[in-house]
Amino acid sequence: MRMDSMMHQGKRRRLVQQLREKGISSESVLAAIQKVPRHLYIDSTFEARAYLDIPIRIAENQTISQPYTVAYQSQLLELEKGMKVLEIGTGSAYQASVLAELGVQVFSIERIRGLYRSAKEILQQRRYHRVQTRYGDGFKGWPESAPFDRIIVTAAAPEIPNELLQQLKIGGILVIPVGKDADNQRLVLLKRTEEDTCVQEDKGPARFVPMLEGKAREFGDKR
Ligand code: SAH
């Protein structure tokens, strides 16, 4: 059983300090980063790098986002306790766990079954019972639990998916990386101000794996 030791906690304190220096100012977000043992969300081979501010490869050719990115997206969401938050791209479940530490109710969707399974397992181990997960296509959102106060997308979409917008409350915020190629993405913050009006702000350059349509094809699937 892998542990969360004093050494890990110390490394997290230094990471939190770095995030502060890089401009993350939300005390609640920084406290959540301090609480989640990122080293337990990656393969033990990479454990020594868990508290560097870098993205790290996880299974299925995907990545756990850089801590700065997780903190920045979380901060942009302006969360309040008890809010309903939809996440697209569960991946390692690290971002979902940070959101759970912020006191919100998380609904997270992943299109790769292997990642969905391991995410479910770690969320259970860590007792994040306020995170619900689904194996499916994030482009479709989670209509049964809509509308959401906030939506966070952790893979880059070619454009803002209309179905996600439809599942956002009036007054709600969507944070999403947008861009067709890896070197040319922008993080976009969108507020749905009225039924059919939204305002959009550019929140700087981004670099995410692509958001892909449909569930991932699995070994053995028929074409
Ligand atoms: N939030 C994750 C980041 C994972 S990387 C973390 O904290 O680790 C982005 C993830 O989005 C990948 O796991 C990828 O499989 C997933 N993804 C891409 N397109 C998707 C879609 N249409 N629906 C659901 N998940 C998707």
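The paragraphs below go through a predicted model, starting at the ligand and moving outward to a helix and several loops.

The ligand is surrounded by 27 residues, and the closest of them are G89, S92, E110, G138 and L212. By residue class, this shell divides into 12 nonpolar, 11 polar and four charged residues. Several secondary-structure elements contribute to the shell: strand β2 (63-64), strand β3 (84-88), helix α4 (94-101) and strand β4 (105-110) each supply at least two residues. The space that the ligand takes is the largest pocket.

Polar contacts to the ligand involve both backbone and side-chain atoms of the protein. On the backbone side, a polar atom of G89 is 2.9 Å from a nitrogen atom of the ligand. G138 also takes part through its backbone, with an N or O atom 2.7 Å from a ligand nitrogen. D137 instead uses its side chain, where an N or O atom is 3.0 Å from a nitrogen atom of the ligand. On its own the ligand has 580 Å² of accessible area, and the protein covers 99% of it.

L212, one of the closest residues to the ligand, also gives a link to another part of the chain. The C-alpha atoms of A157 and L212 are 7.7 Å apart in space, while the two residues are 55 apart in sequence. A157 belongs to the loop between β6 (148-153) and α6. Is A157 buried or exposed? Its relative accessible area is 0%, so A157 is buried, given that the cut-off for burial is under 20%.

On the other side of α6, the loop between α6 (162-166) and β7 (168-178) holds Q167. Q167 has a relative accessibility of 7% and therefore counts as buried. Its side chain has a polar partner in the protein: the side chain of Q167 reaches the backbone nitrogen of W142 at 2.7 Å.

Helix α3 spans residues 67-76, and eight of its 10 residues are buried, so the rest of the structure largely encloses this helix. The buried residues are P67, T69, V70, A71, Y72, Q73, S74 and L76. In an α-helix there are 3.6 residues a turn, so residues three or four places apart point the same way. In α3 the buried set includes the consecutive run V70, A71, Y72, Q73 and S74.

After α3 comes E78, which has a positive phi. The value is near 45°, in a residue other than glycine. E78 is placed in the loop between α3 and β3, and β3 is one of the elements that supply residues to the ligand shell. With a relative accessibility of 48%, E78 counts as partly exposed, because the class of exposed residues begins over 50%.

A positive phi also occurs at R127, again not a glycine, with a value of about 60°. R127 is located in the loop between α5 (113-125) and β5. At 62% relative accessibility R127 is over the 50% cut-off, so it counts as exposed.

The remaining backbone feature is a peptide bond. A146 and P147 are joined by a cis peptide bond, with omega about 5°. P147 is found in the loop between β5 (131-135) and β6. Strand β5 thus has R127 in the loop before it and P147 in the loop after it.

Technical notes: Residues numbered from 1 in each chain as written. Predicted model: local features only at pLDDT ≥ 70, side-chain atom pairs only at ≥ 80, totals over all residues. Heavy atoms only, no water. Near = heavy atom within 4 Å. Polar contact = N/O pair within 3.5 Å; in protein donor to acceptor, adjacent residues only side chain to side chain. Areas by Shrake-Rupley, 256 points an atom, 1.4 Å probe, with all protein chains shown as cover. 1 Å grid on protein atoms, 1.4 Å probe; cavity = no way out; pocket = protein on both sides within 12 Å on 5 of 7 lines; lining within 4 Å. Sits in = over half its atoms within 2 Å of the grid points. Helix = DSSP H or I, 4+ residues; strand = E, 2+ residues; numbered from the N terminus. Nonpolar A, V, L, I, M, F, W, Y, C, P; charged D, E, K, R; others polar. Buried < 20%, exposed > 50% of the residue type's maximum accessible area, 1.4 Å probe, protein only.
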